[in-house]
Amino acid sequence: MGYLDNSVVTVDAILTTKGRQLLAQGNFNITQFALADDEIDYTLYNPTHPSGSAYYGQAIENMPLLEAFPQETQVMKYKLITLPRGTAKMPIIGNINTSYILKQGASIAITPETLNYLGGNTFETSGYTATISDVRLFNTFEGVGINTPQAQALNQTTTLGTSVSKTVVGTTINIRATTINTLFGSNTQLTATLTIEGRDSGARTTVPFTITKVS
């Protein structure tokens, strides 16, 4: 959902298929929500504005606001979070490579951790969400270690071989590259992007993923 007008509290919301189903059943209740500032460019804050301090943030306040859309991998990338008082550094995702290259059929287990969080480096209690941009490139793409109903529902989702993204939840992400040669066509490699986000800290990173064809 998003604010249509920042001068009044008017909210535009788009329901997902599951949300519409619950609404039709009379069981639709909002119990949690998150806030984000994806559309804000903080470099526009101008402490030298000639009209004084009341106008320092005028350019930011007049920026257009994003309309609501339900693709969670493309909206709310920069969620507002609450960190302990005195935090000097923003949490970041660590213990992962800057890029990954796998041969056909090869496997890898990625176990992220969060740096600069809760006084040190730690694994987040709620785990991590991992989104791959094209799930066709993998025979296996699953999260393990988090057993909540939401995590289990995501991890069991199948895509019927279509070119779509997939999101899973876990403390470890198990990946096995595709063994299907026809996906490559005349190419020797296929590429995708992997986005990992800490579910407690909001820390987020995106890395390229390459699958190479085996002759």
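This report covers the strand pairing, the salt bridges and one loop residue of a predicted model.

**Overall picture**

The protein has 215 residues, and 29% of them count as buried. Its secondary structure comes to three helices and 13 strands. Contacts reach across the sequence. Among those with a separation of 6 or more, 68% are between residues 24 or more positions apart. The accessible surface comes to about 13600 Å². Carbon and sulfur atoms supply 52% of that surface.

**The open sheet**

Three strands form an open sheet. Their order is S3-S6-S7, and the pairing is antiparallel. S3 (92–94) and S7 (120–122) are the edge strands, each pairing on one side only. From one strand to the next, the twist averages 35°. Strand S6 spans residues 113–117. S3 and S6 are joined by three bridges. Where does Gly94 find its bridge partner in S6? The partner is Glu113.

In general, strands of a sheet pair through backbone hydrogen bonds, either parallel or antiparallel.

**Pairings of S11**

Strand S11 covers residues 172–177. It pairs with strand S5 (residues 107–110) and does so in the antiparallel sense. Four bridges make up this pairing. Within it, Ser107 stands opposite Arg176.

S11 also pairs with strand S9, residues 138–144. This pairing is antiparallel too, and runs over six bridges. Phe138 has Ala177 of S11 as its bridge partner.

**Salt bridges**

How many salt bridges does a search of the whole structure find? It finds two. The table lists them with their N to O distances.

| Acidic residue | Basic residue | N to O distance |
|---|---|---|
| Asp134 | Arg136 | 2.8 Å |
| Glu197 | Arg204 | 3.1 Å |

Take the Asp134 pair. Asp134 has 10% relative accessibility, so it counts as buried, the cut-off being under 20%. Arg136 has a relative accessible area of 31% and is therefore partly exposed.

Now the Glu197 pair. Glu197 counts as buried because its relative accessibility is 11%. Arg204 is partly exposed, with a relative accessible area of 27%. Strand S12 (189–198) and strand S13 (204–212) bound a loop, and Glu197 forms its salt bridge with Arg204.

**Asp200 in the loop**

Asp200 is found in this loop between S12 and S13. Is Asp200 buried or partly exposed? It counts as partly exposed, because its relative accessibility is 31%.

Which residues does Asp200 contact, once its neighbours within four places in sequence are left aside? They are Tyr117, Glu124, Thr125 and Ser126. One of these, Tyr117, falls within the range of strand S6, residues 113–117. The C-alpha atoms of Asp200 and Thr114 are separated by 9.7 Å. Along the chain, these two residues lie 86 residues apart.

**In brief**

An open antiparallel sheet runs in the order S3-S6-S7. S11 pairs with S5 over four bridges and with S9 over six. The salt bridges are Asp134 with Arg136 and Glu197 with Arg204. From its loop, Asp200 makes contacts that include Tyr117 and Glu124.

Notes. Residues numbered from 1 in each chain as written. Predicted model: local features only at pLDDT ≥ 70, side-chain atom pairs only at ≥ 80, totals over all residues. Heavy atoms only, no water. Pairing = 2+ DSSP bridges. Helix = DSSP H or I, 4+ residues; strand = E, 2+ residues; numbered from the N terminus. Axes fitted to C-alpha atoms, helices over the stretch in contact; angles between N-to-C directions. Buried < 20%, exposed > 50% of the residue type's maximum accessible area, 1.4 Å probe, protein only. Contact = heavy atoms within 4.5 Å. Salt bridge = Lys/Arg side-chain N within 4 Å of Asp/Glu carboxyl O. Areas by Shrake-Rupley, 256 points an atom, 1.4 Å probe, with all protein chains shown as cover.
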